[in-house]
Amino acid sequence: MDASTQWLSTVTEIIGNVGFPIFIALFLLQRMETKLDDVVKALHELGQAIKSAM
């Protein structure tokens, strides 16, 4: 096995082992981002409601 074939095999193995967890992490971060946007919007509306009540 020459160096380039061994390097390609190693890279393929790393992507196989690490690729799926990275995909899951990015997917969960995307979902969390949308939920955090909703929380920020709700807090902004709450602040406006408190200001108008005073």
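Trainee: What percentage of the 54 residues of the protein chain count as buried?

Mentor: Good place to start! This is a predicted model. Buried means under 20% relative accessible area. Here, 0% of the 54 residues reach that class.

Trainee: How many helices and strands does the protein chain have?

Mentor: The chain has one helix and zero strands. With a radius of gyration of 23 Å, well over the 10 Å from the globule rule for 54 residues, the chain is more spread out than a compact globule. Its C-alpha trace spans about 75 × 15 × 10 Å along the principal axes.

Trainee: Where does asparagine 17 lie, and how is its exposure read?

Mentor: Asparagine 17 lies in helix α1. A residue is exposed when its relative accessible area is over 50%. Asparagine 17 has 53%, so it is exposed. You can also follow the chain from there: the C-alpha atoms of asparagine 17 and threonine 34 are 28 Å apart, with their positions 17 residues apart along the chain.

Trainee: And what about methionine 32, which lies in helix α1 too?

Mentor: Helix α1 covers residues 3-53. Methionine 32 has a relative accessible area of 48%, so it is partly exposed, since that class runs between 20% and 50%.

Trainee: Which residues form a nonpolar patch on the surface?

Mentor: Met32 is one of them, along with Ile14, Val18, Ile22, Leu26, Leu29 and Leu36. Together they have about 660 Å² of accessible area. For the whole chain, the accessible surface comes to about 5,100 Å², with 70% belonging to carbon and sulfur atoms.

Trainee: How far apart are the mean positions of the positive and negative charges?

Mentor: They are 17 Å apart, for 4 positive and 6 negative charges.

Conventions:
Residues numbered from 1 in each chain as written. Predicted model: local features only at pLDDT ≥ 70, side-chain atom pairs only at ≥ 80, totals over all residues. Heavy atoms only, no water. Helix = DSSP H or I, 4+ residues; strand = E, 2+ residues; numbered from the N terminus. Rg over C-alpha atoms; globule rule 2.2 N^0.38 Å. Buried < 20%, exposed > 50% of the residue type's maximum accessible area, 1.4 Å probe, protein only. Areas by Shrake-Rupley, 256 points an atom, 1.4 Å probe, with all protein chains shown as cover. Lys, Arg positive; Asp, Glu negative; His and termini not counted. Charge placed at Lys NZ, Arg CZ, Asp CG, Glu CD. Patch = residues over 30% accessible without salt bridge, like charges linked within 9 Å, V, L, I, M, F, W, Y side chains within 5 Å. Salt bridge = Lys/Arg side-chain N within 4 Å of Asp/Glu carboxyl O.
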